[in-house]
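Biologist: I would like to request a close look at a single part of this model. Please treat the packing of one pair of helices in detail, and then place that pair in its surroundings.

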Amino acid sequence: MDLYLKILWFFIFAIVVWVSPSIIGLLFLKEKE
Amino acid sequence: MTYLPAIIILGTLLAYIAIGLWAARRVKSANGFLIASGKLGILPITGTYVATFTSAVTVLGGPAGIFNAGISYIWLYITFAVGACFTAIVAARYRRAELTTPADFFKVRYGSPLMEKLNAAGTIIALVFSLIAQFTAMGIVWSLALGRSFQEGILLAAVAMVIIIVAGGLESVAWSDVFKAGIFFIAVTLAGIWTLVKFGGFRVMVTQALAVNPDFADLSTGMGGAVGIFFLFLTWSCGIGTHPQYLQRISASFDRRTGILQYVIGWPFIALIFVFLTIIGIGTIINVTELPAGFTRDYLGPLFIQQNAPVAIYGLYLAGLTAAALSTADSVIQLTVTYISHNLVRGALRPDISDRSLLLLSRVASLVLVIFIALLTLFQWKWIVYIAAYCWGILAILYFAPTVLGLYWRRANAQGALSSVIGGLIAFVIAQSLALFGKWPFAEVPPTGVGVIAGMLLMIVVSISTPPSNKEQLSVFFEK
């Protein structure tokens, strides 16, 4: 695979993980306490 | 122009002190000092979370790490975010109890004052050593920016921190963190965008970095291959997930919703900070071919900005670095004092201490602690750096399994938690001693990782083989 694409996909994967604490938080906010 | 960096750094310090003193007006009791009375709203709690999360070690280490390990270095930031996912999961239940320090969790959930004290003592030791790295970073920022002595930088930062912590404890730390997180975010964002524009975009940057270093695209070797990355997750995700500074911030939040919102609002900002630090790191590969004499790789990021960017961006970057260094250090100092005052003094040595005396004692303890750590940092003993490298792993052993399993697994009990902490620490010490004498056969397995795994297994096995916790302990976290 093109090395640039490989790095780009890895970077995008990382960014998805970097926003996941936000998403998990949102899911817990919806949960009834 | 030569004075500009000094003016910017001193200005940042003064603004930091001013905000800290302003916030200190609210502090009227020991509880206010230790945990901001559990009343911090969304702005201060998110600000202090983001500021604490991004330390000077992250900022200096990021570009240096990309330079050394190529793009594979961002695995480290991935482990950080996974750790924060654990914190968000913990927060959803942890705020159900009113706790002053994370060690209190062991008393409430497991009914064990012994574990509370043991945990507090272990945490104090680990936190003190982790502070040395942060103090060192402050000295580096100062000597790098101004060409003045490392010692002077540490002393200045120590004085600024003493003023605000002594004045207002967590309240002052949290509000000044809002300012620091803001400065830091703006600084890294501007420097990152400027880097992208200078080189003509991400694609051009990656192509040029590959031309300088073809190994740049390797996704794992730089971080120790698959085994290395697995243990990176184990140490950092578990260490961050239940690090006492984040548990403390859950208890300091106004309510459960505020406690969870700090991650929802904070992480898009932290994600952008990681993106831009990565981009600056790629810039250093392209543009810094050799370091001037006397500079270590930790200087790469700031050096790259200094040599290439307009002076205003460089100045802001230095202010951001100062802010990052102060915000993690002052939070950890304040946290250490909460364990000393609440768990050791009020919890064991002097249970009848008055609120007024406890407040005074907390202030004196803050002062003494800052002086002690500044001295440790100034002497720069080799063994300190060595111990400091393991603090996160030790905190992971002390907190991860007992907290996460204690909140989500009814069957988790005191015997399991105690075996987990003691067994985990023993496994760590054995592995670490073998490593010290060159007898540790698994080069890619860090001794702390062994401790974390041993701790988790013991927690599960011992809990299953002994009677469950009583209803009273379970009802706090499970029946709502």
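Are α3(B) and α12(B) parallel, antiparallel, perpendicular or oblique to each other?

Modeller: The model is predicted, and the description below rests on that prediction. Helix α3 of chain B covers residues 42–53, and helix α12 of chain B covers residues 256–287. Their axes come within 8 Å and cross at roughly 45°. An angle from 35 to 65 degrees falls outside the parallel and perpendicular ranges and counts as oblique; α3(B) and α12(B) are therefore oblique to each other. The crossing in which α3(B) passes α12(B) is right-handed.

The contact between the two helices can be given by residue. From α3(B), the participants are I42(B), I45(B), T46(B), Y49(B), V50(B) and F53(B). On the α12(B) side they meet residues including R257(B), T258(B), L261(B), Y263(B), W267(B), I270(B) and F274(B).

F53(B) also leads to the wider packing. The largest nonpolar core has 168 residues, and F53(B), together with W18(A), F135(B) and F216(B), touches the most other members. Among the residues that F216(B) touches are I7(A), I66(B), V206(B), L210(B), I282(B) and I285(B), with residues up to four places away in sequence not counted. A second core, separate from this one, has 9 residues, including I35(B), L170(B), W175(B) and A252(B).

Chain A, to which W18(A) belongs, has 1 helix and 0 strands. Of its 33 residues, 36% are buried, and its C-alpha trace spans about 50 × 10 × 5 Å along the principal axes.

Technical notes
Residues are numbered from 1 along each chain as its sequence is written. Chains are lettered from A and ligands numbered from 1 in the order in which they are written. This is a predicted model: local features need pLDDT of at least 70, side-chain atom pairs count only at pLDDT 80 or more; totals for chains, interfaces and linings use all residues. Side-chain values use heavy atoms; hydrogens and water are left out. Helices (H or I, at least four residues) and strands (E, at least two) are DSSP runs, numbered from the N terminus. Buried means under 20% relative accessible area, exposed over 50%, partly exposed in between (1.4 Å probe, protein chains only). A nonpolar core is a set of buried Ala, Val, Leu, Ile, Met, Phe, Trp, Tyr and Cys residues joined through side-chain atoms within 4.5 Å. Contact means heavy atoms within 4.5 Å. Axes are lines fitted to C-alpha atoms, for helices over the stretch in contact, and angles run from 0 to 180 degrees between N-to-C directions. Angles under 35 degrees count as roughly parallel, over 145 as roughly antiparallel, 65 to 115 as roughly perpendicular and the rest as oblique. A crossing is left-handed if the near helix is turned anticlockwise from the far one by less than a right angle, and right-handed if clockwise.
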